[in-house]
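Biologist: Can you put the model on screen? I'd like to walk through it with you.

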Amino acid sequence: MRLSLKIVAVLLLGLVCGCSSYHVRTTRDEFNGDTSNWMLMNRLAGGALLDVDTGLELNPARFIVKNKTLYVLTVAYSGKDWIFIDKGESLVLLVDSQRLGFSGEGSLSSRNVHSGGSVLEQAIYEVSLKDLITIANATEVKVRVMGSSGLIDRHFKKANFKNFKKFVTEYGK
């Protein structure tokens, strides 16, 4: 009985702290050579201790289209309630106390309800490679995503920095 309680405690701690491992999905169009590299599941830490149903991922991606490279940050919010991620500057990072604000189209075109009633909102923000390098090399990153019905604050943990550094090393070319 005690062992199963310990396992449940470890699983809950993982959810609360934010599980984050390095996964990149790469696709290549064999007809025109366009390529995309998306980091996935880079879940950030923070939030209330018992708020295991609310999560935020911040994932970099690179697109090579017609020999032109574009970098973006993707935000994936999941929770019980909508925040309706705003159009405009709705992603703000404090990177070693330096404010970096990013604008995008918001989550209007990417809002879904999942089984059990949880919601998922996603938004995309164009960034520079320099921005990604700055984030990867920081010692502290705080993240805020703003919507018309609320906001969510999270922060990087060791694994998030490791993931960003690895992504920049592999795809920052």
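**Walking through the fold**

Modeller: Here it is. The protein chain has 3 helices and 10 strands. Keep in mind that this is a predicted model.

Biologist: In what order do they come along the sequence?

Modeller: The pattern reads α-β-β-β-β-β-β-β-β-α-β-β-α.

Biologist: And how much of the chain is buried?

Modeller: Of its 173 residues, 40% count as buried. The chain exposes about 10,100 Å². Carbon and sulfur atoms supply 57% of that area.

Biologist: What share of the contacts with a separation of 6 or more joins residues 24 or more positions apart?

Modeller: That share is 59%.

Biologist: Let's go inside. Which residues of the largest nonpolar core touch the most other members?

Modeller: L58, L91, L93 and V143 do, out of 33 residues in that core.

Biologist: Which elements supply at least two residues each?

Modeller: The strands are β3, β4, β5, β6, β8 and β9, and the helices are α2 and α3. Helix α3 gives the most, with 5 residues.

Biologist: Why would such residues gather like that?

Modeller: In soluble globular proteins, nonpolar side chains tend to be buried together.

Biologist: Pick V143. What is it in contact with, beyond its sequence neighbours?

Modeller: Setting aside residues within four places, V143 is in contact with L44, L56, L58, L91, V92, L93, I152, D153, R154 and F156. L58, L91 and L93 appear in that list, and they also stand with V143 among the best-connected core members.

Biologist: Now the helices. At what angle do α2 and α3 pack?

Modeller: About 140°, with the axes 8 Å apart. Helix α2 covers residues 129-136, and helix α3 covers residues 158-171. Their crossing is left-handed.

Biologist: Which residues make the contact?

Modeller: From α2, L132, I133, I135 and A136. From α3, F161, F164, K165, F167 and V168. By class, that is 8 nonpolar, no polar and 1 charged.

Biologist: What about L129, where does it sit?

Modeller: L129 is in helix α2. With a relative accessibility of 23%, L129 counts as partly exposed, because the partly exposed class runs between 20% and 50%. Beyond four places in sequence, L129 is in contact with Y71 and G172. Its C-alpha atom is 9.6 Å from that of Y171, which is 42 residues away along the chain.

Biologist: And L120, buried or exposed?

Modeller: L120 is buried, because its relative accessibility is 18% and the cut-off is under 20%. L120 lies in strand β8, residues 119-127.

Biologist: What does L120 touch?

Modeller: Leaving out residues up to four places away, L120 touches A76, Y77, S78, W82, S110, R111, N112 and H114.

Biologist: Change of topic. Which residue in the loop between β3 and β4 should I click on?

Modeller: Try K66. Its phi is near 50°, a positive value in a residue other than glycine.

Biologist: Why does a positive phi get a mention?

Modeller: Most residues other than glycine have a negative phi.

Biologist: Where can I find F84?

Modeller: F84 is in the loop between β4 and β5. F84 has a positive phi of about 55° and is not a glycine.

Biologist: How exposed are K66 and F84?

Modeller: K66 counts as exposed, at 72% relative accessibility. F84 is partly exposed, at 26%.

Notes: Residues numbered from 1 in each chain as written. Predicted model: local features only at pLDDT ≥ 70, side-chain atom pairs only at ≥ 80, totals over all residues. Heavy atoms only, no water. Axes fitted to C-alpha atoms, helices over the stretch in contact; angles between N-to-C directions. Helix = DSSP H or I, 4+ residues; strand = E, 2+ residues; numbered from the N terminus. Left-handed = near helix turned anticlockwise from the far one by under 90°. Contact = heavy atoms within 4.5 Å. Nonpolar A, V, L, I, M, F, W, Y, C, P; charged D, E, K, R; others polar. Buried < 20%, exposed > 50% of the residue type's maximum accessible area, 1.4 Å probe, protein only. Areas by Shrake-Rupley, 256 points an atom, 1.4 Å probe, with all protein chains shown as cover. Core = buried A, V, L, I, M, F, W, Y, C linked by side-chain atoms within 4.5 Å.
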